[in-house]
Amino acid sequence: MTKTLDAAAAATARRRRKPRFDPVRWARGGGLHAVLFAVPVVLVYVYFSWGPVVQGLVLSFQKTNLIQPAEWVGWGNFTYVLSDPGLVQASLNTAYFALLALVFGFPIPIVLAVLINELRKYDTLYNALAYLPAIVPPVAAILLWKFFYDPDATGMFNTALGWIGLGPFPWLNAENSAMPSIVLYATWAGAGSTAIIYIAALSTVRTELYEAAEIDGAGIWRRIWHITLPQLRNVIFVMMLLQLIGTFQIFTEPFLFTGGGPNNATQTILLKIYNYAFVNGDFGAATALSVLLAAFLGLLSVVYYFVTKRWSTTT
Amino acid sequence: MTDLKDRGVISVSDRRRPVVRTWFGLVQGLLLLVLIVSGLGPLLWAAKASVSPSNDIVADPMGIWFSPNDWQNLALAWNGARIGQSLGNTVILAAGSTLSTLIVSVAAAFLLSVLRPKWGPWLSGAILATLFLPGVVSFVPLYLTILDLPLLNVSLQDTFWAVWLPAGASAFNVVVLKRFFDSIPREYMEAAKIDGAGPLRILTMVVLPLSRPILGVIVLLSIVGSWKEFLWPMLVLSNPDLQPVSVMLPRLATGNSPLAVQMAAVFLSIIIPVVLFAIFQKQFLRGVGTAGGVKG
């Protein structure tokens, strides 16, 4: 941030020194080259990043079906989306997914990272094995897991759990176990790559602190609790926010596993957006719901930032 | 990941204590078992299923002993289910997306780190801002942009450009590259400048050769990233002849092809990224670690 400010200040200073614009000097000084480099960058970002964001805001106030010209409808799309009886269920499902992923999925990479970081031999093997699920294309993995989740007693997971006397479970086929099943898959798919990020962060933990704690007589658990985790605090906070933002936009998993069923138990907000746009052809409603979700995530990030600022290490 | 890792939570003297050693050994073994089962297990299972008859897969999914006698599953998936063709499309999409990310991100990072025009901070801010916007806002309008590019009035639907070009707008790669370019000593560039090199020569002769490690990481992560893409290619590529394997697979699963052929198709779509990872694991893991550094 300060760098940008400095640069801006320097820029104003330069402007004051040389009030008149001289195209020849500008071109000789490299200005032309800078523009040439900027052309592809700006074009790609205008068309595929900044433009769509602005267009999304505009579209959410319009009615459009790609055939007739767009029509201005004010807050119509928003009231339509908010009065959709399915929205409450979809929001609750999405929040439920986020909560389950936070409670059960979030600590696993941290535990994995702390353990792998203690290894003195073969740690690259552990790293590679942990990261493998992140390499597998989600579509292929979901097809495999769908088979593993076979609700029959002879299904893969049910057979394995049967050995220790559990099950058979209906997995994706029952309303109350469908979402936890998807969370289980998502945890498997995501834990490894997140753990690698924590391991990288763990290498920056100052080891003198451990020695100091040892002299004070702290055991291994207390060292983890009072030194390792507090030192990771900032990374943990960032990863938690990123995970929340990611889980609120979950789409591929429910789309391919259940298509939103059984009985809408895995219907999420992004599935609704998809259905508005690509099933009903109502792009206005779809963008309105997108804008609402984005606004919610923005608000969440701001609140999260101020809440965690108090607990984070001052750097 | 460096060799300098002198100690962690457990100190050297702790490691000599029998209690710690037993417990740590146990945990270590258990962890290895869990990681093998969860990481390698599904891959091995898919490999096994791809050469087994459908009946065997259903009857005994946990069976370890099997006779690999159904090699024609793979051939059926490759030709009959058109996995070969869609894998080719996936390769084309991954290569093009990677190239477009590289060109745009290198240009942006070079501009912001080395050329530093007056308006650089504005551009930098605008690119950074896209990192904080959730992808969901621009998702539907991006699709409409592809259907009808504003001002140019051409439709990119059912062309590979529809996937390649949006892949270029990767703010994350710009940040990673700019950080790396910033760390290159300015003296090299000054020296090249005195020798009469223009910006393009400085980029190709000085900056890019020095950035090879980070470029490799970006290439690898971008290839695997576009290999995993599903929703976007499904929306913009409706022609089955152009669809990548990730779009083809779910269609295959809902169709009436036998389970063994489906599993063979799954295996074929997994094996290439896994081999890529096995060869370049060090770069992958370092790359993901750096990525965390940027996020954190």
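These are my notebook entries on a predicted model with chains A and B.

**Entry 1: confidence**

I looked at pLDDT before anything else. Chain A averages 85, and 91% of its residues reach 70 or more. Where in chain A is confidence lowest, and where is it highest? The low end is helix H1 (residues 2-17) of chain A, with a mean of 53. The high end is helix H5 (residues 86-105) of chain A, at 92. Note to self: where pLDDT is low, the predicted coordinates should not be read in detail.

**Entry 2: chain A overall**

I tallied the secondary structure of chain A and got 15 helices and 2 strands. Then I checked its spread. The radius of gyration of chain A is 26 Å, while a compact globule of 315 residues would have one near 20 Å. Along the principal axes, the C-alpha trace of chain A spans about 85 × 70 × 35 Å. Of the 315 residues in chain A, 39% are buried. I also looked at sequence separation in the contacts of chain A: taking pairs at least 6 apart, 66% join residues at least 24 apart.

**Entry 3: chain B overall**

I ran through the list again for chain B. How many helices and strands does chain B have? I find 16 helices and 0 strands. Chain B is more spread out than a compact globule, because its radius of gyration is 24 Å, well over the 19 Å that the globule rule gives for 296 residues. Its C-alpha atoms fill a box of roughly 70 × 70 × 35 Å along the principal axes. Buried residues come to 42% of the 296 in chain B. For contacts in chain B with a separation of 6 or more, residues 24 or more positions apart account for 74%.

I pulled the domain assignment too: chain B has domain 1 (12-75) and domain 2 (81-255). The C-alpha centres of domain 1 of chain B and domain 2 of chain B are 36 Å apart.

**Entry 4: the A/B interface**

I counted who touches whom. On the chain A side 84 residues are in contact with 86 residues of chain B. Which element gives the largest share of the chain A side? That is helix H3 (residues 31-59) of chain A, with 19 residues. By residue class, the chain A side splits into 60 nonpolar, 21 polar and 3 charged.

**Entry 5: helix H12 of chain B**

I did a quick length check on helix H12 (residues 212-228) of chain B. Its 17 residues at 1.5 Å a residue should span 24 Å, and the end C-alpha atoms are 24 Å apart, so the two agree. I then listed the buried positions in H12(B): B:Ile214, B:Val217, B:Ile218, B:Leu220, B:Leu221, B:Ser222, B:Ile223, B:Val224, B:Ser226, B:Trp227 and B:Lys228. I keep in mind that an α-helix has 3.6 residues a turn, so residues three or four places apart point the same way.

**Entry 6: B:Ile270**

From B:Trp227 I moved on to B:Ile270, 43 residues away in sequence and 9.6 Å away in space, C-alpha to C-alpha. B:Ile270 sits in helix H15 (residues 259-279) of chain B. It counts as buried because 23 other C-beta atoms lie within 10 Å, against a cut-off of 20 or more. What does B:Ile270 contact, leaving aside neighbours within four places in sequence? I get A:Val136, A:Pro137 and A:Ala140 in chain A, plus B:Leu43 and B:Ala46 in chain B.

**Entry 7: B:Trp45**

B:Trp45 is in helix H2 (residues 18-50) of chain B. Buried or partly exposed? B:Trp45 has 19 C-beta neighbours inside 10 Å, so it counts as partly exposed; buried would take 20 or more. I also took a C-alpha distance to B:Gly289, 244 residues along the chain, and got 29 Å.

**Entry 8: positive phi**

Last, I went through backbone angles. Most residues other than glycine have a negative phi. I noted A:Trp171, with a positive phi near 50°. A:Trp171 lies in the loop between helix H9 (156-163) and helix H10 (175-202) of chain A. I count A:Trp171 as buried because it has 23 C-beta neighbours inside 10 Å.

I also noted B:Asn153, not a glycine either, with a positive phi of about 55°. Its place is the loop between helix H7 (136-147) and helix H8 (161-168) of chain B. Is B:Asn153 buried or exposed? B:Asn153 is exposed, because 7 other C-beta atoms lie within 10 Å and the cut-off for exposed is 12 or fewer.

Technical notes. Residues are numbered from 1 along each chain as its sequence is written. Chains are lettered from A and ligands numbered from 1 in the order in which they are written. This is a predicted model: local features need pLDDT of at least 70, side-chain atom pairs count only at pLDDT 80 or more; totals for chains, interfaces and linings use all residues. Two residues are in contact if their C-beta atoms, placed from the backbone, lie within 7 Å. Helices (H or I, at least four residues) and strands (E, at least two) are DSSP runs, numbered from the N terminus. Ala, Val, Leu, Ile, Met, Phe, Trp, Tyr, Cys and Pro count as nonpolar, Asp, Glu, Lys and Arg as charged, and the others, Gly among them, as polar. The radius of gyration is taken over C-alpha atoms; the globule rule is 2.2 Å times the number of residues to the power 0.38. pLDDT is the predictor's confidence in each residue, from 0 to 100. The expected span of a helix is 1.5 Å times one less than its number of residues. Domain bounds come from an automatic or database domain assignment.
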